[in-house]
Amino acid sequence: IEGRQTINLMGDYYPSSKEIAGNIDLAGTDLGYAAPFLNTVFSDIGGAVSGKIRFSGPVSALEISSEGLVLDRAKLKVALTGVEYTATGPVSLNSSGATFEKVNISDRYGAGGTVSGGIGWNHFKDMNFGTHIDFNRMLVLDTGEADNSTFYGNLHATGNMDITGPLNALLLSATARTAKSGALHIPLGGSESAGVSNLLTF
């Protein structure tokens, strides 16, 4: 990128066992390369990441670990809420998941917060959340009915939220107050929306 080497990959392949082992050095690497692995969580990914990733084992079940991995103004648009955040801070990565160590986040208006906890997985499959977010006057929801008919709207809020569970049964538990005018729509008219009260806890 612009004459700079942002990825340096070194490794070995062992034909007898059909395994590989090596390192990836990242230096301001486009985070978009991770999109295929995280597109069920983030609908748009950009920005940069730096650090080192080690890998070993069969391609179908690689063991990975990270060292000094840092997000640098990463752009992450959350598919569930429609909000894009800029994230900066340390992240740990291994075969069991990603851990966030109080990563700083901000919305497009400059309001800030932090993300702790992580996302567990089994070699990037069967994702399970255990994430805590603190936020101050941040945009937390920016969707229309066409995006999500279960709940939608435009909300800024101050407080905290825990996101737990697998992708197909996420639980969002929030302690927050609104911070600016906004609207939250939770249709209750049909059987499809009868269980929405179990999804959001205020």
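## Exposure terms and the model

A residue is called buried when its relative accessible area is under 20%, exposed when that area is over 50%, and partly exposed in between. Asp142, with a relative accessible area of 26%, is therefore partly exposed. The structure discussed here is a predicted model, and the contacts described below should be read with that in mind.

## Asp142 and Arg108

Asp142 pairs with Arg108 through a salt bridge between their side chains, with an N to O distance of 3.2 Å. The two residues come from distant parts of the chain, 34 residues apart, since Asp142 belongs to strand S8 (residues 125-143) while Arg108 sits in the loop between strand S6 (97-106) and strand S7 (112-122). Arg108 counts as exposed, because its relative accessibility is 53%, whereas its partner Asp142 is partly exposed at 26%.

## Salt bridges that involve strand S3

The model holds three salt bridges by the distance rule applied here, and the remaining two are described in this section. Side chains of opposite charge can pair when their charged atoms come close. In one case the side chains of Asp25 and Lys52 meet at 3.8 Å, N to O, which falls within the 4 Å limit that defines a salt bridge. Because Asp25 lies in strand S2 (residues 19-30) and Lys52 in strand S3 (residues 42-58), this pair ties together parts of the chain that are 27 residues apart in sequence. Asp25 is partly exposed, with a relative accessibility of 29%, and Lys52 is likewise partly exposed, with a value of 26%.

In the other case Arg54 forms a salt bridge with Glu67, and the closest N and O atoms of the two residues are 2.6 Å apart. This pair also links distant parts of the chain, with Arg54 in strand S3 and Glu67 in strand S4 (residues 63-78), at a separation of 13 residues. Arg54 has a relative accessible area of 35% and is partly exposed, and Glu67, at 41% relative accessibility, counts as partly exposed too.

## A nonpolar surface patch

Apart from these charged pairs, which residues make the nonpolar surface patch of about 330 Å²? The patch is made by Ile7, Leu9 and Tyr33. Ile7 has its place in strand S1, which covers residues 7-14, and its relative accessibility of 35% classes Ile7 as partly exposed. That value lies above the cut-off for patch members, which must have over 30% relative accessible area, so Ile7 can take part in the patch although it is not classed as exposed.

Technical notes
Residues numbered from 1 in each chain as written. Predicted model: local features only at pLDDT ≥ 70, side-chain atom pairs only at ≥ 80, totals over all residues. Heavy atoms only, no water. Helix = DSSP H or I, 4+ residues; strand = E, 2+ residues; numbered from the N terminus. Buried < 20%, exposed > 50% of the residue type's maximum accessible area, 1.4 Å probe, protein only. Patch = residues over 30% accessible without salt bridge, like charges linked within 9 Å, V, L, I, M, F, W, Y side chains within 5 Å. Areas by Shrake-Rupley, 256 points an atom, 1.4 Å probe, with all protein chains shown as cover.
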